[in-house]
Amino acid sequence: MTMPMPRDYQIACAEFERLLAVAQDAAGLTTRNQAWTMVQAVFQVFRKRLSLEDAILFAQVLPALARALFVADWEPEADVQAFADRETMTREVQALRRHHNFAPDSCIADVAAAVRACVDVAAFERTLATLPAEARVFWAVSH
């Protein structure tokens, strides 16, 4: 008996395009490339504040291509950084490819809204509940 390819992988491109489109609209960006950089940077800023175990747990609730972006170019042996205030982490997001980054000051909340629009929210919330309290604050939609 063969197992069909899981639906998450069959529709991975469409789901990722939706994530980028929602992020682009939420942030008022004009291109998909701008949304890509913003989402990538938000993922990286968050990821470097998690243990390897917590990062893997978090990645599991993301759609397939968002999960791939979350773990891409990761150095898991790097020291885990402490969560900072929203303004500091926003500046970190805006520093990725600084001359090509158009992420607004609302970028973390904008990406949080986009992620929440594209995941199983109940599973996402259950996972966040297992992470440090600062992780839940990071993914809050309102500031």
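**Aromatic core and helix packing**

Phe-70 has a relative accessibility of 0% and therefore counts as buried. The model that shows this is a predicted one. Phe-70 belongs to helix α5, where Ala-64, Ala-66, Arg-67 and Leu-69 are buried as well. Phe-70 is also among the residues with the most contacts inside the largest nonpolar core.

That core has 43 residues. Besides Phe-70, the residues with the most contacts inside it are Phe-43, Phe-46, Phe-58, Val-115, Phe-138 and Trp-139. Many helices take part. Two or more residues come from each of α2, α3, α4 (52-59), α5 (64-71), α6 (86-95), α7, α8 (121-130) and α9 (133-138). Helix α3 gives the most, with eight residues.

Phe-43 shows how the core is joined. Leaving out residues up to four places away in sequence, Phe-43 touches Leu-62, Ala-66, Leu-69, Phe-70, Val-115 and Trp-139. Three of these partners, Ala-66, Leu-69 and Phe-70, are buried residues of α5.

Aromatic rings come next. The structure holds 13 aromatic pairs. In one of them, the ring centres of Phe-46 and Phe-70 lie 6.5 Å apart, with the planes at 50 degrees, so this pair is tilted. Phe-46 sits in helix α3 and Phe-70 in helix α5, so the pair ties together parts that are 24 residues apart in sequence. Phe-46 also counts as buried, at 0% relative accessibility.

A second pair joins Phe-124 and Trp-139. Their ring centres are 6.1 Å apart and their planes stand at 85 degrees, so the pair is edge-to-face. Phe-124 is in helix α8, while Trp-139 is in the segment after α9, so parts 15 residues apart in sequence are tied together. Both residues are buried. Ring pairs extend to a wider group. They link Phe-43, Phe-46, Phe-58, Phe-70, Phe-83, Phe-124, Phe-138 and Trp-139 into a cluster.

Helix α3 also packs against helix α2. Two packed helices are described by the angle between their axes and the distance between the axes. Here, the axes of α2 (residues 12-27) and α3 (residues 32-47) come within 9 Å. They cross at roughly 95 degrees. An angle from 65 to 115 degrees counts as roughly perpendicular, and α2 and α3 are therefore roughly perpendicular to each other. On the α2 side, the contact involves Phe-16, Glu-17, Leu-19, Leu-20, Ala-23, Gln-24 and Ala-27. On the α3 side, Arg-32, Ala-35, Trp-36, Met-38 and Val-39 meet them. By class, this contact has nine nonpolar, one polar and two charged residues.

Val-42 is another residue of helix α3. Val-42 counts as buried, with 0% relative accessibility. Apart from neighbours within four places in sequence, its contacts are Val-93, Cys-107, Ile-108, Val-111, Phe-138 and Trp-139. The C-alpha atoms of Val-42 and Asn-101 are 12 Å apart, with their places 59 residues apart along the chain.

Val-111, one of those contacts, is in helix α7 (residues 107-118). Val-111 is buried, at 0% relative accessible area. Outside its neighbours within four places in sequence, Val-111 contacts Met-38, Val-39, Val-42 and Trp-139. Two of these, Met-38 and Val-39, also belong to the α3 side of the contact with α2. Between Val-111 and Val-141, 30 residues apart along the chain, the C-alpha separation is 8.4 Å.

Helix α6 holds Thr-90. Thr-90 is buried, with a relative accessible area of 3%. Its contacts, again leaving aside neighbours within four places in sequence, are Pro-104, Asp-105, Cys-107 and Ile-108. Cys-107 and Ile-108 are also contacts of Val-42.

Two loop residues have unusual backbone angles. Most residues other than glycine have a negative phi. Asp-73, however, takes a positive phi of about 60 degrees just after α5. Asp-73 is in the loop between α5 and α6. At 66% relative accessibility, Asp-73 counts as exposed. Arg-97 also has a positive phi, near 45 degrees. Arg-97 is placed in the loop between α6 and α7. With a relative accessible area of 37%, Arg-97 is partly exposed.

How values were computed
Residues are numbered from 1 along each chain as its sequence is written. This is a predicted model: local features need pLDDT of at least 70, side-chain atom pairs count only at pLDDT 80 or more; totals for chains, interfaces and linings use all residues. Side-chain values use heavy atoms; hydrogens and water are left out. Axes are lines fitted to C-alpha atoms, for helices over the stretch in contact, and angles run from 0 to 180 degrees between N-to-C directions. Helices (H or I, at least four residues) and strands (E, at least two) are DSSP runs, numbered from the N terminus. Angles under 35 degrees count as roughly parallel, over 145 as roughly antiparallel, 65 to 115 as roughly perpendicular and the rest as oblique. Contact means heavy atoms within 4.5 Å. Ala, Val, Leu, Ile, Met, Phe, Trp, Tyr, Cys and Pro count as nonpolar, Asp, Glu, Lys and Arg as charged, and the others, Gly among them, as polar. Buried means under 20% relative accessible area, exposed over 50%, partly exposed in between (1.4 Å probe, protein chains only). A nonpolar core is a set of buried Ala, Val, Leu, Ile, Met, Phe, Trp, Tyr and Cys residues joined through side-chain atoms within 4.5 Å. Rings of Phe, Tyr and Trp (its six-membered ring) pair if their centres lie within 6.5 Å; planes under 30 degrees apart count as stacked, over 60 as edge-to-face and the rest as tilted.
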